[in-house]
Amino acid sequence: MHLTFLGAAGTVTGSKYLLECSGRKILLDCGLFQGYKQLRLRNWAGLPFAPADLDAVVLSHAHLDHSGYLPALVRDGFRGPVYATEASCELAAILLPDSGYLLEEEAEYANRRGYSKHHPALPLYTEADAERALAYLRPLPFNQRREIFPDIQLLLRPAGHILGAATVTIEAEGSTLVCSGDLGRQHDPIMQPPQPIQNADYLLVESTYGDRTHPAESVKDILAEVINRTVGRHGITVIPSFAVARAQLLMYYIYKLKQSGRIPQQLPVYINSPMASDVTALYQQFRHLHKLSESECEGMCRVAHIVRSVDESKRLNQTKEPSIIIAASGMATGGRVLHHLKAFAPNPRNTLLFSGFQAGGTRGALIVAGADSVRIHGQDVPINAEVVALEHLSAHADGNEIMQWLTGFSSAPRQVFVIHGEPAAADALRRRISLELNWHATVPEHQQRVAL
């Protein structure tokens with residue numbers, strides 16, 4: 001068996017791990033690189049194998065840094081099955097075409113405004129590419145071992161994090177490999193905690209927050225304080241948010257704050273993401289995968305007005321009354337939120353509330369770090385609004401929660417690979433695993449190939 005790290009090694013984005021076993025090539029996750037330009041360029045560099053030679057893909061979950069390269073893989077020749085949980089397949093059917101649409105929209109906008117260095121600017125893939133890729137999705141249930149090839153077994157277990165997120169277990173050649181995917185929180189208000197795993201010969205474990213502990217302060221208290229402070233300035237709270245999981249968690253908290261009278265009940269709330277609306281409906285379809293009651297789920301879904309059309313989105317930029325606008329993307333790398341940042345970031349009455357991890361090189365990371373301005377659509381946009389970074393809403397386990405999950409193993413893996421983290425976070429978790437558990441742990445490098 002061999003394992004090659006083709007993404008999310010030394011960085012927190014672009015998850016791809018090529019497993020070669022029993023004469024087969026299986027790609028664990030198929031994510032997009034995001035953030036720094038040198039990382040995004042990897043999306044265009046291709047892969048060190050012909051996609052047609054790949055036998056299967058297994059997705060841990062549907063977030064684009066784990067699934068978003070799939071349309072390019074299929075366009076370039078991959079024709080095998082893509083295994084994922086049912087909820088992940090439903091989410092991918094929403095996320096991937098939207099990603100292709102946004103890539104096309106951004107290329108068209110760049111060509112129209114003339115700010116791209118490429119003439120013409122082209123999308124990495126198209127909405128049509130994404131639609132074609134969906135035909136290869138093969139949903140699998142949780143906790144049912146499946147022989148996907150002779151002598152190769154696949155098992156998906158709940159990982160928390162978002163709807164459908166799974167830890168991936170592959171059994172082949174007498175060995176067991178486990179990939180954590182993205183691990184959820186132990187006490188997430190919506191998602192169940194990640195299911196414990198007892199045995200693995202080889203373990204890939206994420207480290208997004210491997211070097212820190214999530215703050216203990218009440219999320220409701222902080223949200224109420226920020227929203228009310230902004231309303232008091234007669235300002236608008238703009239929240240860049242991922243359409244999957246983060247938008248729904250924000251909607252849940254805002255629903256609870258309105259229900260308890262802690263923020264004005266008549267305060268308008270807008271979700272400027274048709275995709276977020278479609279995703280929210282899945283929370284009702286897959287209620288057995290999360291903690292919310294039927295009434296809580298309905299309340300979360302009703303709390304915001306869904307902005308669907310481009311014209312309505314543009315009109316939102318003329319808003320003068322206090323309100324809350326939640327729009328993708330969560331790291332301000334693209335999507336409708338960019339237009340809201342251009343409209344509202346220059347005004348000190350407003351607030352930019354970032355609700356989770358901001359990968360290095362993204363606009364979100366620059367703004368949170370205190371940048372005076374950021375470049376959007378070829379223009380420098382001043383950041384005069386109040387900036388608040390709220391990491392309490394992260395759907396990722398922190399360092400202590402990852403260690404708690406690892407203590408569920410009944411014996412030490414032969415080798416632990418610490419993945420999906422910036423260098424400081426990955427190395428901090430590696431040290432903890434080595435010192436506290438006395439396991440052999442390393443941080444792999446990009447494109448490193450190891451024999452198992």
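Two strands count as paired if DSSP finds at least two bridges between them. With that in hand, we can explore this structure, which is a predicted model.

**The sheet**

Seven strands come together as an open sheet, and their order is β7-β8-β9-β10-β11-β20-β21. The pairing in this sheet is mixed. If the word "pairing" is new to you, strands of a sheet pair through backbone hydrogen bonds, either parallel or antiparallel.

Which strands sit at the edges? They are β7 (146–149) and β21 (441–442), and each of them pairs on one side only. Let's look at the β21 end. Strand β20, made of residues 415–419, pairs with β21 in the parallel sense over two bridges. Here you can find V416 opposite A441 in β21.

**Helices on the sheet**

Helix α13 (residues 399–406) packs on the sheet, where it touches β9 (166–172) and β11 (202–206). The direction of α13 makes about 160° with that of β11. Another helix, α14 (residues 423–437), lies across β11, β20 and β21. Its direction runs at about 155° to β20.

**Two helices that meet**

Two packed helices are described by the angle between their axes and the distance between the axes. Try this on helix α7 (residues 246–259) and helix α9 (residues 294–302): they pack at an angle of about 100°, and their axes are 8 Å apart. Angles of 65 to 115 degrees count as roughly perpendicular, so α7 is roughly perpendicular to α9.

Which residues make the contact? From α7 come Q248, M251, Y252, Y255 and K256, while α9 brings S295, E296, G299, M300 and C301. Sorted by class, the contact of α7 with α9 has five nonpolar, three polar and two charged residues.

**Aromatic pairs**

The structure holds five aromatic pairs. A pair of aromatic rings is described by the distance of the centres and the angle of the planes. Here are two of the pairs:

| Pair | Centre to centre | Angle between planes | Arrangement |
|---|---|---|---|
| F5 and F417 | 5.2 Å | 55° | tilted |
| W405 and F409 | 5.5 Å | 85° | edge-to-face |

The pair of F5 and F417 links distant parts of the chain: F5 is in strand β1 (residues 2–7) and F417 is in strand β20, 412 residues apart. Are F5 and F417 buried or exposed? Both are buried. W405 and F409 are both buried as well. Finally, F5 and F417 join Y17 in one aromatic cluster.

Terms used:
Residues numbered from 1 in each chain as written. Predicted model: local features only at pLDDT ≥ 70, side-chain atom pairs only at ≥ 80, totals over all residues. Heavy atoms only, no water. Axes fitted to C-alpha atoms, helices over the stretch in contact; angles between N-to-C directions. Helix = DSSP H or I, 4+ residues; strand = E, 2+ residues; numbered from the N terminus. Parallel < 35°, antiparallel > 145°, perpendicular 65-115°, else oblique. Contact = heavy atoms within 4.5 Å. Nonpolar A, V, L, I, M, F, W, Y, C, P; charged D, E, K, R; others polar. Phe/Tyr/Trp six-rings, centres within 6.5 Å; stacked < 30°, edge-to-face > 60°. Buried < 20%, exposed > 50% of the residue type's maximum accessible area, 1.4 Å probe, protein only.
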